[in-house]
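This report describes selected features of the structure shown below. It begins with one pair of strands and proceeds to the wider sheet and to two individual residues.

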Amino acid sequence: MKRLTPLLTLLSGAVTAAVLFTMSAQASPPGTQPAAGGAPPAAAPAPPADAEADADADAEVDPDAAPPGEEPSDTDADARRPAGTSPPTDPDASSAGTEVTSVEQNWIGELENGATIAITVKDGKAEAYVCDGRSMELWLSGTVRDGKIELTGKDAKLTGVIRGDSASGEMIVGVRRWKFTARPDDTSSDEAVVKSGSGTAPAIYRVTDETRKAGYDGGWIMLPDGTQIGIVTWNGKPIPAPPLDPAFNSTVVNGVTLVAEPVVPGAR
């Protein structure tokens, strides 16, 4: 019995130590529990630096930012625009297309042979006068519809088109042909009675019926620069026309006073 006493004491101490070790392991936090094999406990991994920066950036809210789902206002865009820069400009709506000039006015230009042509348009009707200021002259009349010019005269025909601020076409006299181009005449006048178009001064003048019955004829084109070109037929012979007096629309040829009047489409 005495031989077993030391052995029992040693066994009792071992059991007590095992119990205490087990209780100590259960009471320790998970991060401090001993690893297998007696290795020291592993430390918890630290969050990456980039993740912390992203989190901080997400946490910062721009007080001027528009709410989700809404477009930023012009005021916000101007505030964010760098100093010294101008806001973008919208395209000019007027440049989307070219405005077509009304055909109801005077058109003045030249033929290939150097003669001057004037076309007056009103209410779809047109009158034209062609002369070179020396010996050639022609009177034509007709229509202008949908920009298409169709005029006729003595042994003559004139056709053409009006597109925007340009009129062009061809005049045929017998077997001869000449192309022509013309532009609008923007000379204004307050004389509403003689207007061939809104705000347009007369471009073509011709002697009155009474004067023609007396054996005289004559025509004038009022050019945009204020000068005149025309022909007077006296005793069947064409001569350069003296300028008309703008105050009386008259001139004197060989002592005879010739009175002229504006040519208005459809008036004769």
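## A strand pair

In this predicted model, seven bridges join strand β3, residues 125-131, to strand β4, residues 137-145, and the two run in the antiparallel sense. One residue of this pairing may be located by its partner: Lys-125 is bridged to Thr-143 in β4.

## The barrel

The pair belongs to a closed arrangement. Eight strands form a barrel, following the order β1-β2-β3-β4-β5-β6-β7-β8, with antiparallel pairing. On average, neighbouring strands of this sheet are turned by 25° against each other, direction ignored. In general, the strands of a sheet pair through backbone hydrogen bonds, in either a parallel or an antiparallel manner.

## Asn-106 in strand β1

Asn-106 lies in strand β1, which covers residues 106-111. Its relative accessibility is 0%, so Asn-106 counts as buried, the cut-off being under 20%.

Two polar partners of the Asn-106 side chain can be named. The side chain of Thr-120 makes a polar contact with the Asn-106 side chain at 2.9 Å. In addition, a polar atom of the Asn-106 side chain lies 2.6 Å from the backbone oxygen of Ala-201.

## Val-253 in strand β13

Val-253 is found in strand β13, residues 250-253. Because its relative accessibility is 4%, Val-253 is classed as buried.

Apart from neighbours within four places in sequence, Val-253 contacts Val-232, Ile-239, Pro-242 and Leu-258. Trp-234 is 19 residues away from Val-253 along the chain, and their C-alpha atoms are separated by 8.5 Å.

Notes
Residues numbered from 1 in each chain as written. Predicted model: local features only at pLDDT ≥ 70, side-chain atom pairs only at ≥ 80, totals over all residues. Heavy atoms only, no water. Pairing = 2+ DSSP bridges. Helix = DSSP H or I, 4+ residues; strand = E, 2+ residues; numbered from the N terminus. Axes fitted to C-alpha atoms, helices over the stretch in contact; angles between N-to-C directions. Buried < 20%, exposed > 50% of the residue type's maximum accessible area, 1.4 Å probe, protein only. Contact = heavy atoms within 4.5 Å. Polar contact = N/O pair within 3.5 Å; in protein donor to acceptor, adjacent residues only side chain to side chain.
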